[in-house]
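Student: Can you walk me through a protein model? I'd like to learn how to read strands, turns and pockets.
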Amino acid sequence: MKRIISILAALICAAPMLLAQKPGSNADDILGEYICKIPGESYKVRFTKNTDNTYKAQIFWLEQDTDPATGKKWTDFKNPDKSLRSTPSDRIVLINGLKFNSEKKVWDSAKIYDPNRGIKANVTIKFESDKMISLKGTVLGIGETEYWEKLQ
């Protein structure tokens, strides 16, 4: 009898941990700040929720945000939308209108903007671990994947 009570007590204590959902189970799990480190550059991105329940990812910090030759802040000069070319590099919107696909446990139905190339690609985002998301961008079936680490 003592053994049964001990097992039940252990299960009751462990229940919250067993029932905890892993990241990517809920749409708002993506909210927060992330860092992307790729050779030659690092930047931080903040995911926020739009009023229509979609999500937006916007750069808020760059390791190198000024032109070393001129000392001027970089702008989004490769943007195909000429009205956005004066946007400071630390305020570029990379993704807007991202939706959570609850069946697949991914965020999709949006495009990711690559300011280095001035192009947009279809994007699918999923959690790889508690602190890591993968972003797969595809154009005409050709894809590239980046990994961002969640900061908070």
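Tutor: Sure, let's start with one pair of strands. Strand 5 and strand 6 run antiparallel and are joined by 6 bridges. Keep in mind that this is a predicted model.

Student: Which residue of strand 6 stands opposite Asp-114?

Tutor: That's Ile-119. Follow the chain between these two strands and you'll find a hairpin with 4 residues in between.

Student: What is the phi of Gly-118 in that turn?

Tutor: Gly-118 has a positive phi, about 70°.

Student: Okay, and how many bridges join strand 6 to strand 7?

Tutor: There are 7 bridges there, and again the strands run antiparallel. As an example of a bridge, Asn-122 has Thr-138 in strand 7 as its partner. Strand 6 and strand 7 also form a hairpin, with 2 residues between them.

Student: Is there a general idea about side chains that I should keep in mind when I look at a strand?

Tutor: Yes. In a regular strand, side chains alternate between the two faces of the sheet.

Student: Now let me try an earlier pair. How do strand 2 and strand 3 pair?

Tutor: They pair in the antiparallel sense, over 7 bridges. One bridge to look for links Phe-47 with Ala-57 in strand 3.

Student: Let's zoom out. What elements does the chain have?

Tutor: The chain has 1 helix and 8 strands. Reading from the N terminus, the order is α-β-β-β-β-β-β-β-β.

Student: And what do the 8 strands build?

Tutor: They build a closed barrel that runs 1-2-3-4-5-6-7-8, with antiparallel pairing. On average, neighbouring strands of this sheet are turned by 35° against each other, if you ignore direction.

Student: How much of the chain is buried?

Tutor: The chain has 152 residues, and 32% of them count as buried. Here, buried means under 20% relative accessible area. You can also ask about contacts between residues that sit far apart in the sequence. Among contacts with a separation of 6 or more, 40% come from residues 24 or more positions apart.

Student: Next, pockets. What is the volume of the largest pocket?

Tutor: The largest pocket has a volume of about 760 Å³. It is lined by 36 residues, and the closest to its centre are Tyr-113, Asp-114, Pro-115, Asn-116 and Arg-117. You've already met Asp-114, opposite Ile-119.

Student: Which elements give two or more residues to that lining?

Tutor: Those are strand 2 (41–49), strand 3 (55–62), strand 5 (106–114), strand 6 (119–129), strand 7 (132–139) and strand 8 (142–150). Strand 8 provides the largest share, 6 residues.

Student: How does the lining of the largest pocket divide by class?

Tutor: It has 17 nonpolar, 10 polar and 9 charged residues.

Student: What about the second largest pocket: how much space lies in it?

Tutor: About 240 Å³. Its lining has 14 residues, and the closest to the centre are Asn-79, Leu-84, Val-93, Tyr-113 and Lys-120. Strand 4 (93–101) and strand 5 are the elements that give two or more residues to this lining.

Student: Which strand gives the most to the lining of the second largest pocket?

Tutor: Strand 4 does, with 4 residues. By class, the lining of the second largest pocket has 6 nonpolar, 3 polar and 5 charged residues. Now try finding Tyr-113 in the view: it is listed among the residues closest to the centre for the largest pocket and for the second largest pocket.

Terms used:
Residues numbered from 1 in each chain as written. Predicted model: local features only at pLDDT ≥ 70, side-chain atom pairs only at ≥ 80, totals over all residues. Heavy atoms only, no water. 1 Å grid on protein atoms, 1.4 Å probe; cavity = no way out; pocket = protein on both sides within 12 Å on 5 of 7 lines; lining within 4 Å. Points joined across faces, edges and corners; volume = space filled by probe spheres on them. Nonpolar A, V, L, I, M, F, W, Y, C, P; charged D, E, K, R; others polar. Pairing = 2+ DSSP bridges. Axes fitted to C-alpha atoms, helices over the stretch in contact; angles between N-to-C directions. Buried < 20%, exposed > 50% of the residue type's maximum accessible area, 1.4 Å probe, protein only. Contact = heavy atoms within 4.5 Å.
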